[in-house]
Structures are given as structure tokens and as C-alpha cells.
Amino acid sequence: TNTAVGILLLDAGGVFVRGNDEYQMGYGTKIFPATNQFVTGFFYDVLGDTSYVNDLLIDSAGGQYTDLVFTNTWASSSLGSSVIIQNTSGAIGNAGNVSFVNHKTVLSSTPPTIGFDIEAGTVSISDSAIGSKSAAPGTTAINIGPLAQNTSITGLRPFSMVAPSGGSGSVGVGISLSAGVVSQIQNSSFVGATIPVSYTPTLAGTD
């Protein structure tokens, strides 16, 4: 039930975050700008480790987040979605660009854990790895919701090859897609997923 936050960013116009390890927090890192607040920045470290809720929560409470860059970051064993990107405010323009390069997520084997839950913004995930140290049939590596603006996934490494722990495991669903999302998925492997890609249209006859 822990809801404490390791690193909380509310209003930061160009922050650099490096060299931290938020362990067993409610939220490892939380980006949550309110009205008239703005967050942009660069991250190069552990986002959260064994978090009770999320390793990384990106959301808008009325403010704007954009141009968030996560490079060589790591998240592990969150009991909820490891990374969740959303826009609670609902205002167009509050959710901007978010990119992950060489990111690694080790999923908890306790379902219904999700590696990336993308519900808003323009999100890019490249050259990254998501998996579990043990069999995790009830988990999903990446979920892309119907309100996500544009999602690009390139160079995703096999779900059964988990770094940096060196373990191996499997996930239930590789990528889950909802109708209305325009996504790019290229040069990615779905090895180790029981269902590599799950697509659930909300309207009959949609592609």
C-alpha cells in the first residue's frame, strides 16, 4: 500500500536525472505537472525498483510534459505497470513526446503486470528489452491504448532475454493494441510471448 514517491517532478524546464536508485517506493519516479507547470528533461538511471504501484508514472494534472528522453534507463519488478504514460487532465497538448532508448524492464511475474502502458502522448521505444526472470503468463510487455497519439517501437529485443539480470522468462502478451492507434513496429522480436501481438478493435470491421 506504499504510495511514497522516490523522485517527484512537477515543474522542471530541462532537468537532468542521473545516478539514483528508488527502491521499494510506491512510485519510483513520478512526473505530474499541474496547471501552469511544465516538465521536460533527460534521464539516465534507475527509474524504479520493486515499486508497489509504478516504476515510472508520467501524467498531466493540468500541466504539460514533453520532450522527455530516457537513455540507458532501467526498471524492475513493479507490482503494477512498470511504466505508465497517460493524460488524466484530458486536455489536448498536455501530453507530448516521450522517448526511451536502450531501456530495460524486468517484469514481476505477478499478473497483471505491464511493462509499458501507453495511454497518451507520442511515444518512441527503441533498442530496448522487456521480459521476466521467470515464467509470467499473465503479463503484457507493451499495451497501447486507444488514446495514445502515436507509438513507435523499433529494435525491441526478445522478451525471453532479460537484461541486466541475465535471467530468462516469458510473458503472456508481447504487444496489445486497441483500435484507433497508429503505431509503427519494426525490427522487433516477439520470442517468448505466448501471444506475440493482440489486437482488439472496438468497432466491427476496423483494421
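Which residues line the largest pocket? The legends below take up this question first and then turn to individual strands and loops of the predicted model.

**Figure 1. Lining of the largest pocket in the predicted model.** The pocket is lined by Gln86, Asn87, Gly90, Ala91, Ile92, Gly93, Ala95, Glu119, Ala120, Leu147 and Gln149. By class, five of these lining residues are nonpolar, five are polar and one is charged. The space in this largest pocket amounts to about 170 Å³.

**Figure 2. Overall composition of the protein.** The protein has 19 strands and zero helices. Its chain comprises 207 residues, of which 51% count as buried. Among contacts with a separation of 6 or more, 77% are made by residues 24 or more positions apart. The protein exposes about 8600 Å², and carbon and sulfur atoms supply 55% of this area.

**Figure 3. Strand β11 and its two partners.** Strand β11 spans residues 104–107 and is covered on both faces. Lys104 and Val106 lie on one side, Thr105 and Leu107 lie on the other, and all four are buried. This arrangement can be read against a general rule: in a regular strand the side chains alternate between the two faces of the sheet. Strand β8 pairs with β11 in the parallel sense over three bridges, and within this pairing Trp74 stands opposite Lys104. Strand β14 also pairs with β11 in the parallel sense, over four bridges. Here Thr105 of β11 stands opposite Ile130 of β14.

**Figure 4. Strand β12 and the surroundings of Gly115.** Strand β12, residues 114–118, is mostly covered, with five of its five residues buried. It runs parallel to strand β9 (residues 81–85), to which four bridges join it. Val83 has Phe116 of β12 as its bridge partner. Gly115 is placed in β12 and counts as buried because its relative accessibility is 0%, below the 20% limit for that class. Beyond residues up to four places away in sequence, Gly115 touches Ser82, Val83, Thr105, Leu107, Ile130, Thr140 and Ala141. The C-alpha atom of Gly115 is separated by 9.9 Å from that of Val171, a residue 56 positions away along the chain.

**Figure 5. Contacts of Thr139 in strand β15.** Thr139 belongs to strand β15, which covers residues 135–144. With a relative accessible area of 1%, Thr139 is buried. When neighbours within four places in sequence are left aside, Thr139 is in contact with Leu107, Ser108 and Thr113, and also with Ser170, Val171, Gly172 and Val173. Leu107, one of these contacts, is also among the residues touched by Gly115.

**Figure 6. Two loop residues with positive phi, Asn72 and Asp127.** Asn72 lies in the loop between β7 (64–71) and β8 (74–76). Its phi is near 55°, a positive value in a residue other than glycine. Asn72 is partly exposed, with a relative accessible area of 46%. Asp127 is located in the loop between β13 (122–126) and β14 (129–132). Although Asp127 is not a glycine, its phi is positive, at about 50°. The relative accessible area of Asp127 is 43%, and the residue is therefore partly exposed.

**Figure 7. Thr71 in strand β7.** Thr71 has its place in strand β7. Not counting residues up to four places away in sequence, Thr71 touches Phe43, Tyr44 and Val101. Thr71 and Ser126 are 55 residues apart in sequence, while their C-alpha atoms are 9.9 Å apart in space.

**Figure 8. Gly6 in strand β1.** Gly6 is found in strand β1, residues 5–9. Its relative accessibility is 37%, so Gly6 counts as partly exposed. Gly6 is in contact with Glu22, Met25, Tyr27 and Gly28, leaving aside its neighbours within four places in sequence. From C-alpha to C-alpha, Gly6 and Asn20 are 9.3 Å apart in space, and the two are 14 residues apart in sequence.

Notes: Residues numbered from 1 in each chain as written. Predicted model: local features only at pLDDT ≥ 70, side-chain atom pairs only at ≥ 80, totals over all residues. Heavy atoms only, no water. Buried < 20%, exposed > 50% of the residue type's maximum accessible area, 1.4 Å probe, protein only. Helix = DSSP H or I, 4+ residues; strand = E, 2+ residues; numbered from the N terminus. Pairing = 2+ DSSP bridges. Contact = heavy atoms within 4.5 Å. 1 Å grid on protein atoms, 1.4 Å probe; cavity = no way out; pocket = protein on both sides within 12 Å on 5 of 7 lines; lining within 4 Å. Points joined across faces, edges and corners; volume = space filled by probe spheres on them. Nonpolar A, V, L, I, M, F, W, Y, C, P; charged D, E, K, R; others polar. Areas by Shrake-Rupley, 256 points an atom, 1.4 Å probe, with all protein chains shown as cover.
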